[in-house]
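Let's take a friendly tour of the charged side-chain contacts in this protein. Have the sequence and the 3D view open as you read.

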Amino acid sequence: PSNKRTLRTLFRPAALPPPVLSETSPSQRKLLAYHRGKEQQEMINQLLIDRALEVYYITMDETDQDETAPPVTELPSSVRKPLKILSFQEDYFFLKKCLQSNPVVPIQQQWLRSMLAMVPQSLMEGRDRQLLTEDLLKEIVRDYEKSMQRSVLRRALIKPDIEELNKMEEEAPLPSLPLGLDFSSTWHNSYITAKNQIISTLHILHPTMKTLLDFGCTAFFNFLVVDFSSCRLKGPVDCKSFKTDASLSCSKAEDEIMSTWHQRVISLFTQSEALDGVKLDQLESFYNCVAVLMSNQLKELLQRTTEVFVKLFDPEDRSHLPLFKMDLTFDENRMEFYPSLQYLEEAILFAVDCIGQTLQNVQTIRAWLLGGTATLDAELPAHTVQWAKSTLKKCIRDNLEGPNEHFKGYVKSYGWLVDGTAEERINRFVAEQHSFDEYT
């Protein structure tokens, strides 16, 4: 029957306790955050009071302290009263100083180790790397502590909105990331790429270029296209012979160079080993490099010859100064030098032009092998020619000061005998009437 009492109707089913929820509700989180913020504010206030008490004790006179007095837990009235009457500026700076003097939480060593672990090991090895690493870590620690102090100041201390205070304290802005810079790839990768490209395209490193350079150094070491260093020992020479000697010397030098140095270079490139390691698409650039090297060697030879020739006319060193034969002539009632001083200057400058015209038709190796007409660029630089001629003109003027003075002395002493003055005086004397003694 329904009213029968059984165990099921006598004992109610056991109710389990509600499950424990690990997550807090929004209201609970809000309440916890409020209590946490309140506790932090109370802790900051207590730190401010403690710091103010320290400043108070330091500034107190030792004679006024009472050792038996109980410890002070709050600011005395003698301190509170001045604090109340302080202006906002003084109060702000005082509290700021108290906060800045408090120690900050040090940076964790694990963070520094993580930073060092991100640096490639190859950059950690080498001379003075350890000292550099220590300096960088110290800089990181200083920046961290400075940021922490600024963060504590902004959270715990409200800056009064006073215009004068803003002028007195201009806080530097926080560092920002550089804009427009791409740090996605390091310099090392680009360096390796550029290095490999230089090695593959810089033909001057090829062994054939070293052999070619040795040929030039051996052939041109003590060689000059024109050598007038012993011209003074031959005695005076006329200008025409000087020009002829310069022209013949340049011609002989060119023939000697073409029969020795140029033939050795050609025989070098007729061998298959000369192009070892040079790819087919690099032949043109390789032969261009050969042409530049040969051109530089010829230019150096011509430039060195020009400099040695100019040095012969140095007024301070007349030991190698060439001697020129010049005559003092009388023609058409005129006394003058022959050849003229201008012709002498032209004869000396002719040697510079003759040097510059030497070795200007030397074929390139590629043109010789393929039957072309291209020639090496062995022209003297314009500034070298200009320097040589201007220096020679000045040296010629300085060296001809003696002959000019000698010529002026002749003209002053005997010029009246040849310029018609003497004849005019004689004719005038004969036409006049004079006594026997005057005639005598």
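What follows is a short report on salt bridges in this structure, which is a predicted model.

Searching the whole structure turns up 5 salt bridges. Three of them, including their N to O distances, are set out here.

| Pair | N to O distance |
|---|---|
| aspartate 214 and lysine 210 | 3.5 Å |
| lysine 299 and aspartate 377 | 3.3 Å |
| aspartate 353 and lysine 389 | 2.9 Å |

Let's begin with a pair inside one helix. Aspartate 214 and lysine 210 both sit in helix α9 (residues 207-220), and because they are 4 residues apart there, about one helical turn separates them. Lysine 210 is exposed at 55% relative accessible area, which is over the 50% cut-off. Aspartate 214, at 36%, is partly exposed.

The next pair joins distant parts of the chain. The side chains of lysine 299 and aspartate 377 form a salt bridge of 3.3 Å. Lysine 299 belongs to helix α12 (residues 283-311), while aspartate 377 lies in the loop between α14 (365-370) and α15 (382-399), 78 residues apart. Lysine 299 is partly exposed, with 23% relative accessibility, and aspartate 377 is also partly exposed, with 44%.

Helix to helix is the theme of the last pair. At 2.9 Å, N to O, aspartate 353 meets lysine 389. This contact too links distant parts of the chain: aspartate 353 is in helix α13 (residues 341-356) and lysine 389 in helix α15, with their positions 36 residues apart. Aspartate 353 has a relative accessible area of 31% and is partly exposed; lysine 389 is partly exposed at 25%.

Terms used:
Residues are numbered from 1 along each chain as its sequence is written. This is a predicted model: local features need pLDDT of at least 70, side-chain atom pairs count only at pLDDT 80 or more; totals for chains, interfaces and linings use all residues. Side-chain values use heavy atoms; hydrogens and water are left out. A salt bridge is a side-chain nitrogen of Lys or Arg within 4 Å of a carboxyl oxygen of Asp or Glu. Helices (H or I, at least four residues) and strands (E, at least two) are DSSP runs, numbered from the N terminus. Buried means under 20% relative accessible area, exposed over 50%, partly exposed in between (1.4 Å probe, protein chains only).
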